[in-house]
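The following exchange is intended for a reader who meets this structure for the first time. Each answer sets a computed value against the rule that gives it a name.

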Amino acid sequence: MMLSQFDTTQLRPQDRYDYWQDVVCNTFVPLRCKVDNTRDFSATLETRELANVKVVSISASPQRVERGKDHRYSAADEFILVSLAQRGRACIHQDNREVNLAAGEFCLYDTRKPYQLSFTEHFQQTVIRIPYRTLVDRTGLLDNLTALRFSNQHPFGRLAFDFFMGVAALPAEQSSLVQNKIAEQSLDLLGMAISPYLTEKKSASLSRATLLHRIKQHIGKHLDSPDLTLTQVSQHFDISSRYMNQLFNDEQTTFGRFVLMSRLESCAFRLRQAHYDHLTVSGIAYRFGFLDMAYFSRVFKARFGMTARELRAASRG
């Protein structure tokens, strides 16, 4: 797990604000910080990166934060931010809604659109940065949920809040496998916490996205099975093959291509890890459902631009 720490108190007072502005923009997205008293300003920021989820712990002096229409908006900056208040009060404004957060409460905001944050006293919070598409694939569209208050007084809200606080305190020494599991658990818990607040339309979208997510989980657990076919998986989830195809069409792919790419990515992951050096290339390929090595070699090279042996060798330096 990548751990990064930033502390303005190590700098001269006159240099702290500019340093903080750069740190915040590099951590989240391009935005503007405004501070009334730059000489007495102080702030610390610590980030933990777990797969594609970033957990950011902040303790800072009063300030205002704005992402305006004049800032750069690109596909690389499309995130959902989850702000979890721990100390001090925070005000979040987006989509013509405004919410005030006290300790133990959290809200979502969308970096694809303008927003404003206001902190009138020294504050402490944890912010979870999640790729927009990653979360929306689980929950459906979130336009109606930005700048709304979620409380840790609700059972699922408390579960998500406490889990994120625990993640923010994790030591850096975590394996890639553990990081991926924690990231997946984080997304699942957040989805559970916000699901009661979805409208009926959002609930329908949630059901569709949740079903596809469960199908993908099922596929991931059965990549070695020769019975992993469109018909078999459709029957397992008691849906038609046509509807299964529609679910994958939502993501501009097909069931068969998703299975193939999942198998190839799983093979590539093990080939890159020295832990699996005792396994032959053919053994790894067979483990993930490739029974024809000529076919495996052809599709692997088409996907990664090199043979499996070349990829293994390249990953060893």
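**Charges, burial and empty space**

By the distance rule for charged side chains, the count comes to 17 salt bridges. The model is a predicted one.

Q: What makes the contact between Arg-32 and Glu-66 a salt bridge?
A: The closest N and O atoms of Arg-32 and Glu-66 are 3.6 Å apart. A salt bridge requires a side-chain nitrogen of Lys or Arg within 4 Å of a carboxyl oxygen of Asp or Glu, so the name applies. The pair links distant parts of the chain, with Arg-32 in strand E2 (residues 32–34) and Glu-66 in strand E5, 34 residues apart.

Q: Why is Arg-32 called partly exposed?
A: Arg-32 has a relative accessibility of 27%. Buried means under 20% and exposed means over 50%, so a value in between is called partly exposed. Glu-66, with a relative accessible area of 23%, is likewise partly exposed.

Q: How do you know that Arg-32 also forms a salt bridge with Asp-70?
A: The closest N and O atoms of this pair are 2.7 Å apart, and the limit is 4 Å. Arg-32 lies in strand E2 and Asp-70 in the loop between E5 and strand E6 (79–87), so the salt bridge ties together parts that are 38 residues apart in sequence.

Q: Why is Asp-70 called exposed?
A: The relative accessible area of Asp-70 is 57%. Exposed means over 50%, so Asp-70 is placed in that class.

Q: What makes Glu-105 and Arg-149 a salt bridge?
A: Their side chains meet at 3.3 Å, N to O, and the rule asks for a distance within 4 Å. Glu-105 lies in strand E9 (residues 105–110) and Arg-149 in the loop between H2 and strand E12 (150–151), so parts that are 44 residues apart in sequence are tied together.

Q: Is Glu-105 buried or exposed, and why?
A: Glu-105 is buried, because its relative accessible area of 17% is under the 20% limit. Its partner Arg-149, at 40% relative accessibility, counts as partly exposed.

Q: Which residues do salt bridges with shared partners join into one network?
A: The network consists of Asp-95, Arg-97, Asp-110, Arg-112, Lys-113 and Asp-143.

Q: Why does Arg-263 count as buried?
A: Its relative accessibility is 12%. Buried means under 20%, so Arg-263 meets the condition. The residue is placed in helix H8 (residues 255–272).

Q: How do you know that Arg-263 has no salt bridge?
A: The nearest side chain of opposite charge, Asp-224, is 6.9 Å away. A salt bridge must fall within 4 Å, so Arg-263 remains without one. Leaving aside neighbours within four places in sequence, Arg-263 is in contact with His-222, Leu-223, Ser-225, Leu-228, Phe-288, Gly-289 and Phe-290.

Q: What makes an empty space a cavity, and how many of 30 Å³ or more are there?
A: A cavity is a set of points where a 1.4 Å probe fits but cannot get out. The count comes to 1 cavity of 30 Å³ or more. The largest cavity has a volume of about 140 Å³. Among the 15 residues that line the largest cavity, the closest to its centre are Phe-28, Ile-58, Val-65, Leu-117 and Gln-125.

Q: How do the residues lining the largest cavity divide into nonpolar, polar and charged?
A: They comprise 13 nonpolar residues, 2 polar and no charged.

Q: What makes a space a pocket, and how much space lies in the largest one?
A: A pocket is an open set of points with protein on both sides. About 1300 Å³ of space lies in the largest pocket. It is lined by 32 residues, of which Asn-180, Glu-184, Lys-216, Gly-220 and Ser-266 lie nearest the centre. The elements that give two or more residues to this lining are helix H2 (132–139), helix H4 (176–194), helix H5 (200–221) and H8. The largest share, 8 residues, comes from H5. The lining divides into 11 nonpolar, 11 polar and 10 charged residues.

Q: What is the setting of these features in the whole protein?
A: The protein has 11 helices and 12 strands. Buried residues make up 45% of its 317 residues.

Methods:
Residues are numbered from 1 along each chain as its sequence is written. This is a predicted model: local features need pLDDT of at least 70, side-chain atom pairs count only at pLDDT 80 or more; totals for chains, interfaces and linings use all residues. Side-chain values use heavy atoms; hydrogens and water are left out. Helices (H or I, at least four residues) and strands (E, at least two) are DSSP runs, numbered from the N terminus. Buried means under 20% relative accessible area, exposed over 50%, partly exposed in between (1.4 Å probe, protein chains only). Lys and Arg count as positive and Asp and Glu as negative; His and the chain ends are not counted. Contact means heavy atoms within 4.5 Å. On a 1 Å grid over the protein atoms alone, a cavity is a set of points where a 1.4 Å probe fits but cannot get out, and a pocket is an open set with protein on both sides within 12 Å along at least five of seven lines; lining residues have an atom within 4 Å of a point. Grid points are joined across faces, edges and corners, and a volume is the space filled by probe spheres set on the points. Ala, Val, Leu, Ile, Met, Phe, Trp, Tyr, Cys and Pro count as nonpolar, Asp, Glu, Lys and Arg as charged, and the others, Gly among them, as polar.
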